[in-house]
Amino acid sequence: MPTVLQLVGSPVDEFFAELSKLYARASLDALSDPRRNRMLVAHVTPGGRWSFPADLSPQSLAAAPQMSLSQAISHIEGIAPDVMVPQMFCLPGMTAYRSLFDVLGIPYIGSSAAVMALGADKAKARAVVAAAGVRVPAGRVVHDRTRTDLDYPVVVKPVSADNSVGVTLVTDARDYDRAVDDALVHDDAVLVESFIPLGREVRCGIVVRDGALLPLPLEEYAVDAASKPIRTGADKLDRDTDGALHLVAKSTDRAWMVPTDDPVTQRVWAAAERCHRALGCRDYSLFDFRIDPAGEPFFLEAGLYCSFAPSSVIAMMAAAAGTDVRQLFDDSLAELAGR
């Protein structure tokens with residue numbers, strides 16, 4: 001029976017910490033089973049303090065003793081987990097904290113820290129997949145209000161931010177400076193891309209089984225040429241009346257699974273497989289594509305994580321293909337063991 005350590009939280013800020021706990025709680029609820037695994041939690045708070053609560057309830061989090069990094073490493077060595085499940089979505093969580101487990105010799109499901117860093121940088125990721133033959137929108141990187149040679153409309157976005165934070169569709173040159181300023185709040189580099197007309201917008205997940213890439217059913221998002229030409233942060237996350245974070249994109253009026261016999265599926269699968277190999281992903285991957293009016297997919301960005309919560313995108317895609325989240329997790333453990 002494997003000992004599984006879920007790495008949760010964020011050293012950066014409360015938003016990333018809350019987002020991590022949102023997914024990790026659902027993952028723990030779905031996967032914890034004393035007949036199948038020993039599921040443990042490591043929690044990192046903004047500022048970098050560690051704890052090892054019994055679960056992610058507010059009571060357990062408050063009761064767990066706080067530790068320094070050196071104390072946490074000693075505790076982890078005492079636990080001797082067989083595998084770590086990364087549940088951190090901030091940049092240090094996706095990179096430095098994965099590298100820590102590499103140093104400790106503890107394997108984890110998902111891509112390496114270097115690949116996560118590459119995937120998180122939209123400009124570098126698009127350059128890599130473009131070199132592999134995947135279509136990307138024309139794009140330029142700026143660090144200030146410098147104008148590009150791209151015709152309007154353009155999409156302006158921070159190079160390294162998720163959940164559509166700081167993303168603006170600019171249809172008029174007069175709005176360009178403000179859009180760049182908004183993006184620079186979240187990063188010191190801004191990607192300006194040509195707007196790909198609709199079309200459609202889809203996401204494609206891939207899992208690795210016995211070393212082979214297995215594309216999953218696509219998820220399509222509600223976009224409209226007139227009323228919603230791009231997805232924004234409001235389409236992904238929101239807060240309840242009590243202030244709790246929740247996922248917006250899971251409602252059926254905002255996202256749905258695409259039948260595998262849809263003509264666009266094979267084209268997107270082929271592009272996603274190229275992206276996976278070009279970026280050096282392992283175990284699983286996730287990519288966003290814009291589909292132009294002619295049905296051609298254009299790479300938008302990579303999202304190289306899976307929380308193994310029933311509400312996470314790869315888990316939902318796998319469920320649409322007939323694999324529930326527990327089997328998805330067990331299959332991933334087997335793939336990791338083989339790797």
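Biologist: Where is Ser160 found?

Modeller: Look in the loop between strand 6 (154-158) and strand 7 (168-170). Bear in mind that this is a predicted model.

Biologist: Okay. What does Ser160 contact, leaving aside its neighbours within four places in sequence?

Modeller: Ser160 is in contact with Ala120, Asp121, Lys122 and Asp187, once the neighbours within four places in sequence are set aside.

Biologist: And why does Ser160 count as partly exposed?

Modeller: Because its relative accessibility is 33%, and partly exposed covers the range between 20% and 50%.

Biologist: How far apart are Ser160 and Leu91 in space?

Modeller: They sit 8.5 Å apart, C-alpha to C-alpha, with their positions 69 residues apart in sequence. Both also turn up at the largest pocket.

Biologist: Let's go there, then. How much space lies in the largest pocket?

Modeller: About 310 Å³. Of the 17 residues lining the largest pocket, Phe16, Leu91, Ser160, Ala161 and Asp162 are the closest to its centre.

Biologist: Which helix gives the most to that lining?

Modeller: Helix 4 does, with three residues. Helix 4 covers 91-94, and both helix 4 and helix 1 supply at least two residues of the lining.

Biologist: What kinds of residues line the largest pocket?

Modeller: The lining divides into eleven nonpolar, three polar and three charged residues.

Biologist: Why does the largest pocket lie between domain 1 and domain 2?

Modeller: Because domain 1 (3-108) and domain 2 (138-194) both give residues to its lining.

Biologist: Switching to closed spaces. How many cavities of 30 Å³ or more does the structure hold?

Modeller: Three. The second largest cavity has a volume of about 280 Å³. It is lined by 21 residues, and the closest to its centre are Val155, Lys157, Val167, Glu201 and Leu300.

Biologist: Which elements give two or more residues to the lining of the second largest cavity?

Modeller: Those are strand 6, strand 8 (190-194), strand 15 (284-291) and strand 16 (297-302).

Biologist: How many charged residues are in the lining of the second largest cavity?

Modeller: Ten, along with eight nonpolar and three polar ones.

Biologist: Which domains does the second largest cavity lie between?

Modeller: Domain 2 (138-194) and domain 3 (198-338), since both of them give residues to its lining.

Biologist: Back to single residues. Where is Val141?

Modeller: Val141 is in strand 5, residues 139-142. With 41% relative accessibility, Val141 counts as partly exposed. Beyond the neighbours within four places in sequence, Val141 is in contact with Ala123, Val159, Ala189, Val190 and Leu191.

Biologist: How far apart are Val141 and Lys122 in space?

Modeller: Their C-alpha atoms are 10.0 Å apart, and the two residues are 19 apart in sequence.

Biologist: What about Asp33, buried or exposed?

Modeller: Asp33 is buried, at a relative accessible area of 5%. You'll find Asp33 in the loop between helix 1 (14-31) and strand 2 (38-44).

Biologist: Which side chain makes a polar contact with the side chain of Asp33?

Modeller: The side chain of Arg326, at 3.0 Å.

Biologist: Last one. What does Thr45 touch?

Modeller: Thr45 touches Ser10, Pro11 and Gln66, not counting residues up to four places away in sequence. Thr45 lies in the loop between strand 2 and strand 3 (50-51), and it counts as buried because its relative accessibility is 17%, under the 20% cut-off.

Conventions: Residues numbered from 1 in each chain as written. Predicted model: local features only at pLDDT ≥ 70, side-chain atom pairs only at ≥ 80, totals over all residues. Heavy atoms only, no water. Helix = DSSP H or I, 4+ residues; strand = E, 2+ residues; numbered from the N terminus. Buried < 20%, exposed > 50% of the residue type's maximum accessible area, 1.4 Å probe, protein only. Contact = heavy atoms within 4.5 Å. Polar contact = N/O pair within 3.5 Å; in protein donor to acceptor, adjacent residues only side chain to side chain. 1 Å grid on protein atoms, 1.4 Å probe; cavity = no way out; pocket = protein on both sides within 12 Å on 5 of 7 lines; lining within 4 Å. Points joined across faces, edges and corners; volume = space filled by probe spheres on them. Nonpolar A, V, L, I, M, F, W, Y, C, P; charged D, E, K, R; others polar. Domains from an automatic or database assignment.
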